[in-house]
Amino acid sequence: MNKKLIFLFPLFLSLFTLSIQAEDGSKLWLRNDQQQEAQVKDKSKTAGGAIGAEELMKSWKGSAVTLTIAKDKELTTDDGFKIENKGDKITLKARTGNGLLYGCYHMLRLQACGYPLPPLTIDNPVYSLRLLNHWDNLDGTIERGYAGHSLWQWNELPATLSPRYTDYARANASIGINGTVINNVNASPQILSSEYIEKVKALADVFRPYGIKVYLSVNFASPMALGGLPTADPLDEAVVKWWKDKCDEIYKAIPDFGGFLVKANSEGQPGPGDYGRSHSQGANMLADAIAPHGGIVMWRSFVYSASDADRAKQAYEEFKPLDGQFRENIILQVKNGPIDFQPREPYSPLFTAIDSTQLMAELQVTQEYLGHSNHIAYLGTMWQEFFDEIKGVKLKGLAGVANIGDAVNWCGSDFAQANWYAFGRLAWNPATGATKIAKEWVLQTFTHDAAAVNNIVDLMLESREAVVNYMMPLGLHHQFAWGHHYGPQPWCEIRGARPDWLPSYYHKADSQGLGFDRTSRGSNAVAQYPKTLASQLDDINTCPEKYLLWFHHAAWTHPMRSGRTLWNELCHKYDDGVNAVRDMRDRWAKAMPTVDDQRADAVSRKLNIQLKDAIWWKDACLLYFQTFSKLPLPNDIAPTTHQLDQMKRVELGISNYECPSAELLDKMR
Ligand code: BDP
């Protein structure tokens with residue numbers, strides 16, 4: 001070999017390996033090359049403007065851009081932006097630096113998608129609070145996290161700042177997210193200690209230029225655990241003072257601190273109820289302590305007690321009577337559905353019942369109940385369904401329970417990144433729509449090959465319905481294995497367990513039929529919805545079939561709109577779910593040649609797990625429900641391939657903090 005070539009060989013080799021490593025998913029959707037030297041003038045003198053200008057300088061391929069702060073009647077929000085593209089020059093205007101930053105990312109997104117920049121763009125976000133909620137514990141574990149450990153290196157903070165903190169802020173800013181609650185709602189009081197406030201301050205300093213405010217989940221009993229007080233009663237003077245002093249301390253360190261998120265009197269967490277006080281009394285006390293600093297309190301409505309009342313009714317029963325009693329800086333944070341982030345739920349009736357208290361919706365980006373980071377489930381479509389159902393309801397903001405960890409690809413799987421992306425984009429404007437968002441994500445993340453883009457987008461759009469079908473079709477819910485919520489366990493019985501933590505509470509299978517009677521003849525949960533909707537849901541003939549078993553205990557022979565009986569329809573739905581995963585695999589196989597090998601293979605491996613899991617779900621549920629229906633499986637679906645007894649013996653033995661590996665799953669089955 002020529003001497004020069006021998007000399008250059010190691011260089012080629014390292015470039016080659018570098019380019020492979022570069023496709024490990026760490027770049028997310030931010031793949032614009034950074035080799036440009038665009039002409040960009042930032043007149044704003046803001047941190048956001050400076051960052052945006054730098055991003056444009058490195059990556060923008062169009063004509064010269066000027067960034068200015070402006071008062072313009074079309075800029076109706078602080079975060080909105082206006083872009084005038086006159087061909088030879090582009091002007092980007094916003095009321096604030098954050099608005100300019102969002103405008104820059106908007107331009108770069110269009111460029112990365114290959115879309116033109118129109119002559120005029122005016123874009124104002126619909127929600128002012130667009131927040132991630134991290135369920136990260138201070139020991140580094142993440143409750144319901146499937147992407148490794150927490151990004152926050154508490155033992156190193158505040159002295160050492162991981163470069164990933166900046167990458168995290170940048171990724172969020174690029175999709176319009178403007179706040180983050182960095183610790184678990186099951187909050188350790190320790191987060192409010194002076195030591196931790198210093199660490200939180202260090203993170204806040206990194207996030208601030210990117211327009212991201214820091215919020216904290218707080219433990220209602222902190223004055224006892226941390227302050228040594230004998231009580232946390234919200235009406236106790238010493239408690240009130242403790243919280244006021246704590247707020248002063250926080251704001252001294254973090255002047256733009258966002259506020260508190262509170263899970264109170266829920267699943268064993270302390271709260272005002274421990275002292276005979278109401279949620280509003282507890283929330284108002286915190287709200288008064290933080291109000292002088294401009295902070296807010298997000299009070300969660302996720303409560304249910306060990307009572308006999310239908311769990312789906314409980315949040316409404318507890319909060320509806322308190323409507324109007326909350327301070328102005330309190331926002332009631334309500335999960336999208338009345339139970340708990342199931343693959344499909346009707347909307348929580350609180351959204352249409354609460355009219356004198358500010359509301360925000362809590363969505364779950366992490367796939368606690370949708371196959372963790374093993375299954376592809378694009379949630380844009382699920383959230384769009386939710387937004388369609390609550391159309392007309394005013395929300396102050398959106399919170400998304402994050403799926404981010406310290407995994408190289410951030411989310412534990414390449415496709416899970418799409419849910420982080422979609423959450424941000426929908427929080428900016430839900431009318432953008434799941435399809436458009438999926439397409440722009442694919443264009444930025446994977447490929448511009450038209451056929452491949454179509455295949456991947458179609459795969460994404462069918463994925464959530466596939467999960468619903470192979471896990472819990474027709475309104476079934478909470479058939480999950482105890483604890484880790486990964487696989488099916490409709491038969492689960494644990495002596496002494498709360499009934500509403502067991503699948504049988506929800507499926508109510510018996511020799512007659514299947515489903516939870518929430519009609520006026522049953523628990524009457526339907527009555528919590530507006531009248532017209534309530535009567536539609538109440539009647540088995542008008543209730544949408546996707547919610548049939550959520551609201552009705554239907555006979556096995558109940559005639560469905562397809563002409564089949566309920567039993568046969570159920571069997572078909574499970575089979576459809578499995579077939580949809582096969583289809584997703586085929587689509588991916590067709591798109592694969594246009595995607596780098598590393599990510600192409602990683603996704604394939606996940607899809608193989610998903611297919612096996614889908615079959616497992618189908619077999620487990622059908623064979624189990626068959627012990628009640630005593631009906632044969634229709635012969636036009638694929639036969640089951642497992643034995644019920646064998647399936648019942650499988651215990652995955654994983655915790656709330658992990659996603660099972662393919663090896664573990666194969667070994668157990
Ligand atoms: C459920 C999770 C649990 C959370 C709880 C919550 O299983 O880990 O703590 O919700 O939202 O979905 O508070």
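Helices and strands here are DSSP runs, a helix having at least four residues and a strand at least two, numbered from the N terminus. Keep in mind that the model is predicted.

**Exercise 1. The loop between β6 and α4**

Locate R144 and P158 relative to the helices and strands, and find what is notable about the backbone at each.

*Solution.*
- Step 1: Begin with the flanking elements, β6 (129–133) and α4 (163–174). R144 sits in the loop that joins β6 to α4, and P158 belongs to the loop between β6 and α4 as well.
- Step 2: Check the torsions. R144 has a positive phi, near 60°, although R144 is not a glycine.
- Step 3: Go on to the peptide bond from L157 to P158, which is cis, with omega near 0°.

**Exercise 2. Around the ligand**

Work out how many residues surround the ligand, then find the distances from its oxygen atoms to side-chain atoms of E143, R144 and E368.

*Solution.*
- Step 1: Collect the surrounding residues, using a cut-off of 4 Å between a residue's heavy atoms and the ligand. This gives 14 residues, and the closest are E143, K263, R300, K335 and E368.
- Step 2: Look at the two glutamates. From an N or O atom in the side chain of E143 to a ligand oxygen is 2.4 Å, and a polar side-chain atom of E368 is 2.5 Å from an oxygen of the ligand.
- Step 3: Return to R144, the residue with positive phi. An N or O atom of the R144 side chain lies 3.0 Å from a ligand oxygen.

**Exercise 3. Where domain 1 meets domain 2**

Describe the interface of domain 1 and domain 2 by its contacts, buried area and salt bridges.

*Solution.*
- Step 1: Set the bounds. Domain 1 covers 25–123, domain 2 covers 129–445, and domain 3 consists of 469–516 + 553–668. The C-alpha centres of domains 1 and 2 are 29 Å apart.
- Step 2: Count contacts. Domain 1 contributes 22 residues, which touch 27 residues of domain 2. Together the two domains bury about 2300 Å², with 58% of that area on carbon and sulfur atoms.
- Step 3: Turn to the polar side. There are 8 residue pairs in polar contact between these domains, both partners at pLDDT 80 or more. The interface also has 3 salt bridges. R130 and D79 form a salt bridge, their closest N and O atoms being 2.7 Å apart.
- Step 4: Ask which elements of domain 1 face domain 2. Both α2 (47–59) and α3 (97–113) supply at least two residues each, and α3 gives the largest share, with 7 residues.
- Step 5: Sort this side of domain 1 by residue type: 12 nonpolar, 5 polar and 5 charged.

Terms used. Residues numbered from 1 in each chain as written. Predicted model: local features only at pLDDT ≥ 70, side-chain atom pairs only at ≥ 80, totals over all residues. Heavy atoms only, no water. Domains from an automatic or database assignment. Contact = heavy atoms within 4.5 Å. Buried area = accessible area lost by both parts, 1.4 Å probe. Salt bridge = Lys/Arg side-chain N within 4 Å of Asp/Glu carboxyl O. Polar contact = N/O pair within 3.5 Å; in protein donor to acceptor, adjacent residues only side chain to side chain. Nonpolar A, V, L, I, M, F, W, Y, C, P; charged D, E, K, R; others polar.
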